[in-house]
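Me: I would like to learn how to read the features of a structure, one kind at a time. Please give the general idea, then a case.

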Amino acid sequence: MGSGGPPGPGGPGGPGGDDKGGYTTEEEGASFESDKKFSNFVLFTGAFALAILFMVSNVLHLKKERDAKSTSASKPSNQKTTYTGKADIGGPWMLYNTKGEAVTHRDFEGKYYLIYFGFTFCPDVCPVSLMKMSKALQRVRESKEFKYFDLEALFISVDPDRDSNERIEEYVKIFDEKLIGLTHKNNDHPELKDMLKKFKIHVSKIYLTEDEVKEDMATLKENAPEVIEKLKDLEMKKDEKYTLDHSIIVYLIGPDNQFLTYLGSNLDEKDMGDIILDEISADLKRRVLNPQKQALKM
């Protein structure tokens, strides 16, 4: 029923078959085995080379990391370090102006403002700091960028026990006609203490002898003689002989009452003015790029 007899002893392609099928001669088999061994050698060599390359790459990468750490550890301490986020400084506050009217942070919404804490009987750091701040303000007002934002400046008296509204009003005018003087009812008022805490302002009372009072007056006359001249007829609210040791710093606050930066006492008016403009320009750029995010803060 099948056509022809069974295949020969060699099966298909054997001595009784007509075609070679899947079989090869001994010579052909030897050639095939040789080609196969060569292919395996090529594959093994390639895989080994890739493994070596990968290992070398990892070693170089780890060396680079170690070198970077070593370089970082050996950098001098004056290298600049970049931090992210903002310091927890500032917040809501409530004070009074020289007319006795309540003033809060909300009165400055939409405006940038500088804030400095001091007292009118301060013999040295306050007048020097306020003169420097007023000169920096003038530089900012004369800049081409000033037309794009509003900037106020506040002087906060931390000594309302002695600083009357009249003294504060005359005092701020000595430095800048637009400087706003604010304070509270007394030195220990919870709202004043709360504000000092939020702005990280340290204040401590140091009682003085008669000789030390005279020394302070001589120092004030040397640093700011106009203060003595303008305030000589304005009495203190409480006749107590003391001075106040307090933090010397100017803060720049944004239009959403958020802390932007601080201006240390080591800066001159030029550096202070440049930093104010740089910080405000950067903040304005952020507001343009992220208007919705900024609106949520308001």
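Reply: Let us start with a polar contact, meaning a pair of N or O atoms within 3.5 Å, where within protein one must be able to donate a hydrogen and the other to accept it, and where residues adjacent in sequence count only if both atoms are side-chain atoms. Here a polar atom of the Thr-183 side chain lies 2.9 Å from the backbone oxygen of Ser-157. This is a predicted model in which local features need pLDDT of at least 70 and side-chain atom pairs count only at pLDDT 80 or more, whereas totals for chains, interfaces and linings use all residues. Residues are numbered from 1 along each chain as its sequence is written, and side-chain values use heavy atoms, with hydrogens and water left out.

Me: With which residues is Thr-183 in contact, leaving aside its neighbours within four places in sequence?

Reply: Contact means heavy atoms within 4.5 Å, and beyond those neighbours within four places Thr-183 touches Leu-95, Tyr-96, Ser-157, Pro-160, Asn-165 and Ile-168 in this way. Thr-183 itself belongs to strand E5, residues 180–183; helices (H or I, at least four residues) and strands (E, at least two) are DSSP runs numbered from the N terminus.

Me: Does burial follow a fixed rule, and what is the relative accessibility of Thr-183?

Reply: Buried means under 20% relative accessible area, exposed over 50%, and partly exposed in between, with a 1.4 Å probe and protein chains only. Thr-183 counts as buried because its relative accessibility is 3%. Over the chain of 298 residues, 35% count as buried.

Me: How many helices and strands does the chain have, and how far does helix H2 reach from its first C-alpha to its last?

Reply: The chain comes to eight helices and nine strands. The expected span of a helix is 1.5 Å times one less than its number of residues; H2, with 17 residues (125–141), reaches 24 Å, close to the 24 Å expected. Its buried residues include Cys-126, Leu-130, Met-133, Leu-137 and Val-140.

Me: Which side chain of opposite charge is nearest to the buried Arg-167?

Reply: Lys and Arg count as positive and Asp and Glu as negative, while His and the chain ends are not counted. A salt bridge requires a side-chain nitrogen of Lys or Arg within 4 Å of a carboxyl oxygen of Asp or Glu. The nearest such side chain is that of Asp-163, at 4.1 Å, and Arg-167 has no salt bridge although it is buried. Arg-167, which lies in helix H3 (residues 165–175), does reach the backbone oxygen of Leu-234 with its side chain, at 2.8 Å.

Me: How many salt bridges does the count come to?

Reply: Side chains of opposite charge can pair when their charged atoms come close. The count comes to 17 salt bridges. In one of them Glu-152 meets Lys-111 at 3.2 Å, N to O. Glu-152 sits in strand E4 and Lys-111 in the loop between strands E2 (102–104) and E3 (112–118), so this pair ties together parts 41 residues apart in sequence. Another bridge joins Asp-194 and Lys-198, with the closest N and O atoms 3.1 Å apart; these two are separated by about one helical turn because they are four residues apart in helix H4 (residues 190–198).

Me: Which residues are joined into one network by salt bridges that share partners?

Reply: Consider Lys-205 and Glu-240, which form a salt bridge whose closest N and O atoms are 3.9 Å apart. Lys-205 lies in strand E6 and Glu-240 in the loop between helix H6 (225–231) and E7, so the bridge ties together parts that are 35 residues apart in sequence. Lys-205 is partly exposed at 38% relative accessible area, and Glu-240 is partly exposed at 25%. Through shared partners, Asp-161, Lys-205, Lys-238 and Glu-240 are joined into one network.

Me: How many aromatic pairs does the structure hold?

Reply: Rings of Phe, Tyr and Trp (its six-membered ring) pair if their centres lie within 6.5 Å, and planes under 30 degrees apart count as stacked, over 60 as edge-to-face and the rest as tilted. The structure holds 11 such pairs. Phe-155 and Tyr-171 have ring centres 5.3 Å apart and planes at 45 degrees, so their pair is tilted. It links distant parts of the chain, Phe-155 in strand E4 (residues 151–157) and Tyr-171 in helix H3 being 16 residues apart. Phe-155 counts as buried at 0% relative accessibility, as does Tyr-171 at 1%.
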